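The following exercises concern a side chain, a cavity and a set of domains. Please work through each task before reading its solution.

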Amino acid sequence: MEQPTIRKIIHVDMDAFYASVEQRDNPDLRGKPLAVGGSRQRGVVAAASYEARQFGVRSAMASSIAIRKCPELIFVKPRFDVYKSVSSQIRGIFARFTHLIEPLSLDEAYLDVTDSLTNSTTATQVAKTIKEQIKEETGLTASAGVSYNKFLAKLASDYRKPDGLFVIKPHQGLAFVEKLRVGQFHGIGRVTAEKMNQLGIFTGLDLRQKSEAFLLEHFGKVGHHYYNIAQAIDNRPVTPDRERKSVGSETTFEQDLTENAELEAELTPLIASVWKYCERTGVLGRTVTLKVKYADFQQITRSRTAFSSIADQATFTKISIDLLASLFPVTKGVRLLGVSLSSLQTIASVPNGQLSLDL
């Protein structure tokens, strides 16, 4: 019986991408603790240089907290047009080696090089060459993980950052997974890790010792995934045409807001930004989600799903504002507001482009 082909998967992750681009383009910032993001008082860190990370500064951290951790922290405003341009340049490098590229964001992607377009004999050599070409052509460093599935390749790319290259071979997968804390697994966040800890699951080995039935009972359908990754199994293919599941926009305010009228005024441009994306890309969505973060950093979401795709901006606006109105009166200030549209599909696949208003 013919043995199944062992995949050769590479996960490439740019090192502190936004911050590294800023340091590349401004020599005065090199070697200094740098945060890409909003103002010190009310902003959020979008990315932190490795110099800043040594002080505990991390992405998604409030800028006020970041500056307390690192008083010498330098803030620069994001330049997303530049980051997108560099990202396209990097993806052009990937395309020299394979057509099977699954971008996850501007700064990371999976590549399936089982059938490489080059004469490289191993996936490790492909990854090494990709890293070299990225460095030569962009001046930036990337970390790469190489393995036989996506889950392990992602773990491997994190293992020796920055500028790392780590390989997990088929006979090494189980041993590698069993030593890790479950909180280190991609896809297991803090809350889930804490729940696992309460159930006596602290490491990959602990997770492997639980039956699939046990994991399904305590974690629902995702328990099947947890059961597999504990065995170092991940059969997900690299999908080049990975569909975007949602589109959103959000903003952090300079001062906490408490009035409905003020928040409506701030919500309007966010709605317009999301709808502009829909028009540009030809997609519509059914689910509107409002995101609110309060002054004490408590975060909540409110969603409403239509029976069919929302076909015009006016309807999208009405649903978004209705969701906002449902939160009032508020008892504390709002520091962040966001809105997103999900359950996306192309306009061509929407019957008559019509919306049912029965929500």
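**Exercise 1.** Determine which backbone atom lies 3.1 Å from a polar atom of the side chain of Ser143, and state whether Ser143 is buried or exposed.

*Solution.* In this predicted model, the backbone nitrogen of Gly164 lies 3.1 Å from a polar atom of the Ser143 side chain. Next, locate the serine: Ser143 belongs to strand β7, which spans residues 142-147. Its relative accessible area is 0%. Buried means under 20%, so Ser143 is buried. Finally, list the contacts, leaving out residues up to four places away in sequence: Ser143 touches His11, Val12, Asp13, Asp15, Ser157, Arg160, Lys161, Pro162, Asp163 and Gly164.

**Exercise 2.** Establish how many cavities of 30 Å³ or more the whole structure holds, and describe the lining of the largest cavity.

*Solution.* The search returns one cavity of 30 Å³ or more. The largest cavity holds about 50 Å³ of space. Its lining includes Val12, Met14, Ser87 and Arg91. Assign the lining to elements: β1 (9-14), α4 (80-94) and β6 (108-112) each contribute at least two residues, and α4 provides the largest share, four residues. By character, the lining comprises six nonpolar, two polar and three charged residues. Val12 links the two exercises, for Val12 lines the largest cavity and is also touched by Ser143.

**Exercise 3.** State which domains are assigned to the protein chain and how far apart the C-alpha centres of domain 1 and domain 2 lie.

*Solution.* The assignment gives domain 1 (17-79), domain 2 (173-231) and domain 3 (246-346). Between the C-alpha centres of domain 1 and domain 2 the distance is 33 Å.

Terms used:
Residues are numbered from 1 along each chain as its sequence is written. This is a predicted model: local features need pLDDT of at least 70, side-chain atom pairs count only at pLDDT 80 or more; totals for chains, interfaces and linings use all residues. Side-chain values use heavy atoms; hydrogens and water are left out. On a 1 Å grid over the protein atoms alone, a cavity is a set of points where a 1.4 Å probe fits but cannot get out, and a pocket is an open set with protein on both sides within 12 Å along at least five of seven lines; lining residues have an atom within 4 Å of a point. Grid points are joined across faces, edges and corners, and a volume is the space filled by probe spheres set on the points. Ala, Val, Leu, Ile, Met, Phe, Trp, Tyr, Cys and Pro count as nonpolar, Asp, Glu, Lys and Arg as charged, and the others, Gly among them, as polar. Domain bounds come from an automatic or database domain assignment. Buried means under 20% relative accessible area, exposed over 50%, partly exposed in between (1.4 Å probe, protein chains only). A polar contact is a pair of N or O atoms within 3.5 Å; within protein, one must be able to donate a hydrogen and the other to accept it, and residues adjacent in sequence count only if both atoms are side-chain atoms. Contact means heavy atoms within 4.5 Å.
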